[in-house]
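Please open the structure in your viewer and keep the sequence panel visible. The tour below proceeds by selection, and each stop states what is to be found there.

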Amino acid sequence: MEMVNLSLPAGNQFATDYLSQVDKVNNFYHYTYSDNESYKQRVKELEKRQFMRNELADHIAGYMRAFPQSDKVQQNIARLREDNSVVVIGGQQAGILTGPLYSIHKIISIILLADKKEKELRIPVIPVFWIAGEDHDYLEVNHVFVPGSEKMVRKTYPQRVIEKKMASDIELDKEVFKVWAEKLIKADGETTHSKHLLALVEEAAEASETFVDVFSYLVMQLFSKFGLLIVDSGNKDLRTLEKEIFLNQISQFKEIGEAVSKQQSLVKESGYTTVIEMSENPVNLFYYDEDNSERILLTFDEEKQQFVGKDQSVHFTAAELKEIASEFPHKLSNNVVTRPIMQDLLFPTLAFIGGPGEIAYWAELKQAFEQMNIKMPPIVPRLNITLLERCVEADLEELGLDLSDVIKSGTEEACNAFLASVSNDKVDLLLTQLKQDIADKYTDLQGEIANDMKGLLPILKKNESLLQNQVDFLAKKVEVELKNKHEVILSKFNRIERCIRPDGIPQERVWNVFYFLNHFGLDFLEDVLKLPMEFDGTHKVVKM
């Protein structure tokens, strides 16, 4: 296994400018992530704040008891209690079978940055992964893509969830999960690693009760030896620790909303498009209706002076909502605005690991953090990684394709250029001329018929259309024959595209880690973590 670094643009212009450390972008944050001094300053800031370290460590220890453990996990739970410890944190939704590769890349980034900063700062730096278990978009997390004969094929987990339940509340049908996952693994082709992978699926299913549980089990099986800690934001016990923060957010909901709006104006003035969409009079909190298993976004009704849900589905006075926060905090949850604040008030966060989209929306939160009398942590772009199999690398070399170009744009342009180079120009020209000749002759014929046989004009048009369609049919047959003749070369273009940029989308947003676990073993991620990855904004290509 080896790695090369490539300089490539990020997923959006804002993130690209952030990686390049453009001054106007840095102004939207409290710290400069590329400056080592920022982390020393952040530690000093955290030393002045109070955290519920023991309560948080107790919760994490209890939550993680159901999942694979290691001595280093236990050590990190103990170290979290220490007054000088800090965390590197990032999060993602609980995708089936861990979801797209970018979730794995984020965990790798968290572990590596925590290790790096612990060596530099000489204080305990603990990797923490925040699972967005309160998310209720089941259709976004209930599928994976697997390689088909030509393209990636979507495989949807068959368990139906009709209600808008939080992922943490979706019960796992163990047998359905095991059968479905086993079919996926075996369909990929049994390898020397398949038996171990199937055993992992069996263990994960038996140890899990919910959709989030099975995600947590798989993540910890893959990363427990690195001391990773996990939390589920949808866990009711965690909400109990959050109640005072909820109360503070409720008291300042207007000011928080106004702070975001002001910050968004600054972002727009700098020429960027804002990401966060806020309703009128936003509260930036959800109420969880347990009877209907539905999360309801709250707004404030100025006329009634009440916190209300869509179509007045729920309504609370300020006193009632605060009572809910105090007595039933599990009925409240954060949205995109308040979740980062909640996270930062719970954990002594040295740095937050974010993807391109997160980098953009955190820029809109600077004044909201200030409203809560805190600063946002350094926002560190997660590592962008492409996993490259040796057979695909061989195809790239044979076809003379540039890896950077393929990662950015795929192979379509190069493939079309190849087809153009091997096509019979004379046949193409003759077919084009034939279509034009037919059009010209029918135009002449139409002029003659229009004089005294107008009734035949519709038939004339239909007849011309039939002939043109026959020429098009012939042209397609010529194209098919050309592709069949060069099938071996075209299959290489297709394999490269499917691996590196399937359907024009980055690999990390489509591929799932189980393919690589099946072909390279359950410990291949350990080898990835040993590579000399730096947080320098370059794209990492890992050759396997």
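## The whole chain

Of the contacts in the chain with a separation of 6 or more, 75% are between residues 24 or more positions apart. Please bear in mind throughout that this is a predicted model. Display the complete chain as a cartoon: there are 24 helices and 15 strands. Along the principal axes, the C-alpha atoms fill a box of roughly 90 × 60 × 50 Å. The chain has 544 residues, and buried residues make up 54% of them.

## The nonpolar cores

Select Tyr29, Leu97, Phe223, Ile230 and Phe347. These are the residues with the most contacts inside the largest nonpolar core, which has 148 residues. Centre the view on Phe223. Setting aside neighbours within four places in sequence, Phe223 is in contact with Ile104, Ile107, Ile108, Ile111, Leu228, Leu525 and Leu529. Another core, of 20 residues, lies apart from the largest one; Leu6, Leu396, Leu490 and Cys499 are among its members.

## Helices H9 and H10

Select residues 194-207 for helix H9 and residues 211-223 for helix H10. Their axes come within 8 Å and cross at roughly 135 degrees. H9 and H10 are therefore oblique to each other, since an angle must be over 145 degrees to count as roughly antiparallel. The crossing in which H9 passes H10 is right-handed.

Next, show the side chains where the two helices meet. On the H9 side these are Leu200, Glu203, Ala204, Ala205 and Ala207, and on the H10 side Val214, Tyr217, Leu218 and Gln221. By class, the contact of H9 with H10 comprises 7 nonpolar residues, 1 polar and 1 charged.

## Helices H4 and H11

Move to residues 53-64, helix H4, and residues 236-251, helix H11. The two pack at an angle of about 170 degrees, and their axes are 10 Å apart. This angle makes H4 roughly antiparallel to H11. Where do the helices meet? Glu55, Leu56 and His59 in H4 meet Asp237, Leu238 and Leu241 in H11. The contact of H4 with H11 has 3 nonpolar, 1 polar and 2 charged residues.

## Helices H19 and H22

Now select residues 412-422, helix H19, together with residues 487-500, helix H22. Their axes cross at roughly 175 degrees and come within 10 Å. H19 and H22 are therefore roughly antiparallel to each other. From H19, colour Glu412, Ala414, Cys415, Phe418 and Leu419; they meet Ile489, Leu490, Phe493 and Glu497 in H22. In the contact of H19 with H22 there are 7 nonpolar residues, 2 charged residues and no polar ones. Leu490 has already appeared on this tour, as one of the residues in the core of 20.

## Two buried residues and their contacts

Select Gln263, which lies in helix H12 (residues 253-269). Is Gln263 buried or exposed? Its relative accessible area is 2%, so Gln263 is buried. Apart from residues up to four places away in sequence, Gln263 touches Phe28, Ala363, Glu364, Leu365, Lys366 and Gln367. Draw a distance from its C-alpha atom to that of Ala368: the separation is 8.3 Å, although the two residues are 105 residues apart along the chain.

Continue to Phe535, in the loop between helix H24 (524-530) and strand E15 (539-543). Phe535 counts as buried because its relative accessibility is 16%, and buried means under 20%. Leaving out residues up to four places away in sequence, Phe535 touches Tyr33, Ser109, Leu112, Leu113, Ile353, Val380, Pro381 and Leu383. A second distance may be drawn from Phe535 to Met342: their C-alpha atoms are separated by 26 Å, and they are 193 residues apart along the chain.

## Two residues with positive phi

Most residues other than glycine have a negative phi. The last two selections depart from this pattern. Select Gln21, in the loop between helix H1 (13-19) and helix H2 (23-26). Gln21 is not a glycine, yet it has a positive phi of about 60 degrees. With 18% relative accessibility, Gln21 counts as buried.

Finally, select Arg122, found in the loop between helix H6 (101-121) and strand E3 (125-131). Arg122 also has a positive phi of about 60 degrees without being a glycine. At 75% relative accessibility, Arg122 counts as exposed.

Methods
Residues numbered from 1 in each chain as written. Predicted model: local features only at pLDDT ≥ 70, side-chain atom pairs only at ≥ 80, totals over all residues. Heavy atoms only, no water. Axes fitted to C-alpha atoms, helices over the stretch in contact; angles between N-to-C directions. Helix = DSSP H or I, 4+ residues; strand = E, 2+ residues; numbered from the N terminus. Parallel < 35°, antiparallel > 145°, perpendicular 65-115°, else oblique. Contact = heavy atoms within 4.5 Å. Nonpolar A, V, L, I, M, F, W, Y, C, P; charged D, E, K, R; others polar. Core = buried A, V, L, I, M, F, W, Y, C linked by side-chain atoms within 4.5 Å. Buried < 20%, exposed > 50% of the residue type's maximum accessible area, 1.4 Å probe, protein only. Left-handed = near helix turned anticlockwise from the far one by under 90°.
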